[in-house]
Amino acid sequence: MNRKSLALAASLAAVLTIAGCHKKPKAAPPPTPPAASAPAPTATITATPDTINAGGQSTLSWQTTNATDVSIEGLGQVAVQGTQTVQPTQTTTYHLIAHGDGGSADATATVTVAAAPPPSAPTESNIDENAFEAAVKPVFFDYDAYDIRPDAQTTIQADANFLNQHPNLKVVVGGYCDERGSTEYNLALGENRANAAKQALVTAGVSPDRLRTVSYGKEKQFCTEHTEACWQQNRRAMFTLDQ
Amino acid sequence: MIESLPKKLDTVRLFLLVALIASAIVFQAQLQAQDWVRTGTGLGVQKIRIAAADVKAASADPQTAPMKSVFDQTLYNDLRYAGIFDVVSKSMIPNTTPGSPQEINLANWAAEPSNAAYVAFGALAVNGGRVTVQGYLYDTHAAQNPQVLGKQYADNASVENTREIAHRFADEIIERLGGTPGIAETKIYYVSERSGNKEIWVMDYDGMNERQLTHLRTVSLSPRVSPDNSRVAFSSLGRSGWSIRMYSLDLGRLVAFPAWGDTTLSPAWSSDGTKLAFSSARTGDPDIYVCDASGENAHRITAFRGPDVSPTWNPKTNAQIAWVSGRTKLPQIYIMDSDGANVMRMTDGGYASAPSWSPNGQFLTFAWNRSYGPGAPGGEDIYIMNIATKAWVQLTHDSGMNDAPSWSPDGRHIVFQRAMGGGNEIWMMLADGTDQQQLTHGGGNTQPNWSWK
């Protein structure tokens, strides 16, 4: 998904910059009066993409003609034509100045750094583990049991709603047991718990292809005291992003 | 060179052991409320009084003393752990180290306080990097023809090889006097967390020579060595869940084995090495499957809703499998034919798990908490059950959480895990619950599996 939206942004930027290419020379201040016989320099610069998220990269490309001395403010002297990758932390305008025997020319390109993700509906690319865990809650089980309790149905419904709103997310359903009893039996019981939670989500409309079960038996404990409160915490089916 | 002891006597003794286990269990069945009644394999069987003389140092090489010390200690422990001997305390034996038949005065060993019926003695030498042991077993009351065993062993001089020689000599003695092969050369496979992850480890049966086999840095459990000692099957948590992995002891590395995913657990070898039983949840519900040793031709033999796990074959016939099922909620031990027919529940309640089938096919050992439940004080103990009568005997008492028992190949011993206060350690005991010995010390050690030979 990430790759797709990046590609989209890149082609959008390309369209914009192509348009800009034609506009900017017109908008540029008129060149200084030409010196006798020497042709006036020209300069263009583009940034691709022209909008990035914080931490992202953009590539500057520039071309000049009839120039002997080319520089970009902030980057210093550069070749008469070339490309350079930049990683600005805030919106930055790159100012290219080309000097030649026939005068000078300049051009600018602006890289906009998006302060926050676009305010459109959230996409999978910006759902991280924490956001997922906050939205998709575990369900808890009775001692030596793997039936979804009545009090867990609300949780399952909420979990299913979230997953149905994000149909491209794949999920690991982990089954967990408290510390008591046989190692091997608890792994089998944990599988039953994971599978019970998976079936409940499927019943609530989530495609089974998106759900993978793993039993952790009593190998991973969330709470390590030897109390019933703790054991209850550990008897669960929990959901994590399948990455 | 080797005088054979009357075989008939051995057979009678073996028969007596089995008969006494059986009668002890019947007796216990009538007294199940009284946990502490002393029952089991040792009852009424006179243990053979045997003495082990320290071997004579027969070389000047500086390695002689350390090798002799290893040999003496190992042989003494092997005889003590064997379960059929009353080993004369070192403080009661004659203060001599006879190195050869010419140097032993049998009357001294037969007399008070030693009172030995048999005496093991011999000589150890280290020459040119080789250790050589002459070992003898003499009957102290057969003045005319006292030699029962006379053996010579040689190997490169190392602590490990010297210990191995002592084990081999002990096993000769045990087989000659006890009628069945000893266990001094056997190994115990187990899970240890001391590297920071649960990995598969192996040690000698006496807890010495611990070595880490796997380095998977995930969670590896349930090691089961093949009957020919060539491979260890175990279950391991990978990216796609639990699958059975196969470690080659010949190659010292993992070898290919089909990975089904789907929470595939708890492999168990048939005693002929041709089949594996295991638990898999490929239908979404854990059931028992059987496949070829190669992993091919897997087919399901149970179809109960709920956990089905921890299979173990009847090693005498390979026609039956015992396993743990949660089909009636709390896990119970069941047996069935190896095609899934004739299911019979063995335990009558509580929380029963981790069955291991005795080599003679007559008994199960398993972990049982008879008053398990929310709020119940957790006391989990090792039991044995006579399969024919379902009569059971409790082997451990008031000693923490005891789990994952595994029979020794001689049927006289059980190895198990025990957590008493701290972490789990591996212990062994005689199959009547006596002579409990702690084998590991620290790091979290569980799920022992005794090799087949």
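This report describes a predicted model with two chains, A and B, moving from chain B to the contact between the chains and then to individual loop residues.

## Chain B and its helix pair

Chain B contains four helices and 30 strands. Of its 453 residues, 49% are buried. Among the contacts in chain B with a separation of 6 or more, 47% join residues 24 or more positions apart.

Helix 2 of chain B covers residues 64–81. At 1.5 Å a residue, its 18 residues should span 26 Å, and the end C-alpha atoms are indeed 26 Å apart, so the two values agree. Several residues of helix 2 of chain B are buried, among them Met67(B), Val70(B), Phe71(B), Thr74(B), Leu75(B), Asp78(B) and Leu79(B). An α-helix has 3.6 residues a turn, so residues three or four places apart point the same way. After helix 2 of chain B comes Gly83(B), which has a positive phi near 90°.

Helix 2 of chain B is paired with helix 4 of chain B, residues 159–178: the two axes come within 8 Å and cross at roughly 35°. This crossing is right-handed. On the side of helix 2 of chain B, the contact is made by Met67(B), Val70(B), Phe71(B), Thr74(B), Leu75(B), Asp78(B) and Leu79(B). Helix 4 of chain B contributes residues including Val159(B), Ile165(B), Ala166(B), Phe169(B), Ala170(B) and Ile173(B). By class, the contact between these helices has 11 nonpolar, three polar and two charged residues.

## The nonpolar cores

In soluble globular proteins, nonpolar side chains tend to be buried together. In this model, the largest nonpolar core has 143 residues, and Ile50(B), Leu79(B) and Ala120(B) touch the most other members. Helix 4 of chain A gives the most to this core, with nine residues.

Leaving aside residues up to four places away in sequence, Ala120(B) touches Ile50(B), Ala52(B), Ala53(B), Leu75(B), Gly135(B), Tyr136(B), Leu137(B) and Ile173(B). Another core, of 17 residues, lies apart from the largest one; its members include Ala67(A), Leu96(A), Ala98(A) and Ala109(A).

## Helix 4 of chain A and the contact between the chains

Helix 4 of chain A runs over residues 183–203. With 21 residues at 1.5 Å a residue, a span of 30 Å is expected, and the end C-alpha atoms are 30 Å apart, which agrees. The helix is mostly covered, with 18 of its 21 residues buried. Just after helix 4 of chain A, Gly205(A) has a positive phi of about 105°.

The contact between the chains takes 18 residues from chain A and 32 residues from chain B. On the side of chain A that touches chain B, helix 4 and strand 11 (211–217) each supply at least two residues. Helix 4 of chain A gives the most to this side, with nine residues. The residues on this side of chain A divide into six nonpolar, six polar and six charged.

## Loop residues

Two cis peptide bonds lead into proline residues in loops. In chain A, Pro49(A) lies in the loop between strand 1 (42–48) and strand 2 (51–53). In chain B, Pro113(B) lies in the loop between helix 3 (106–110) and strand 4 (118–127). The table lists their omega values beside the positive phi values of two residues that are not glycine.

| Residue or bond | Feature | Angle |
|---|---|---|
| Thr48(A) to Pro49(A) | cis peptide bond | omega near -10° |
| Glu112(B) to Pro113(B) | cis peptide bond | omega near -5° |
| Asn66(A) | positive phi | phi near 55° |
| Asp435(B) | positive phi | phi of about 55° |

Asn66(A) is found in the loop between strand 3 (58–65) and strand 4 (69–72) of chain A. Because Asn66(A) has 19 C-beta neighbours inside 10 Å, it counts as partly exposed. Asp435(B) is placed in the loop between strand 28 (424–430) and strand 29 (437–438) of chain B. With 15 C-beta neighbours inside 10 Å, Asp435(B) also counts as partly exposed.

Asp147(A) belongs to the loop between strand 9 (139–140) and helix 3 (153–165) of chain A. A residue is exposed if 12 or fewer other C-beta atoms lie within 10 Å of its own. Asp147(A) has 12 such atoms within 10 Å and is therefore exposed. From C-alpha to C-alpha, Asp147(A) and Asp128(A) are 30 Å apart in space, and they are 19 residues apart in sequence.

Definitions and conventions:
Residues are numbered from 1 along each chain as its sequence is written. Chains are lettered from A and ligands numbered from 1 in the order in which they are written. This is a predicted model: local features need pLDDT of at least 70, side-chain atom pairs count only at pLDDT 80 or more; totals for chains, interfaces and linings use all residues. The expected span of a helix is 1.5 Å times one less than its number of residues. A residue is buried if 20 or more other C-beta atoms lie within 10 Å of its own, exposed if 12 or fewer, and partly exposed in between; C-beta atoms are placed from the backbone. A nonpolar core is a set of buried Ala, Val, Leu, Ile, Met, Phe, Trp, Tyr and Cys residues joined through C-beta atoms within 7 Å. Two residues are in contact if their C-beta atoms, placed from the backbone, lie within 7 Å. Ala, Val, Leu, Ile, Met, Phe, Trp, Tyr, Cys and Pro count as nonpolar, Asp, Glu, Lys and Arg as charged, and the others, Gly among them, as polar. Axes are lines fitted to C-alpha atoms, for helices over the stretch in contact, and angles run from 0 to 180 degrees between N-to-C directions. A crossing is left-handed if the near helix is turned anticlockwise from the far one by less than a right angle, and right-handed if clockwise.
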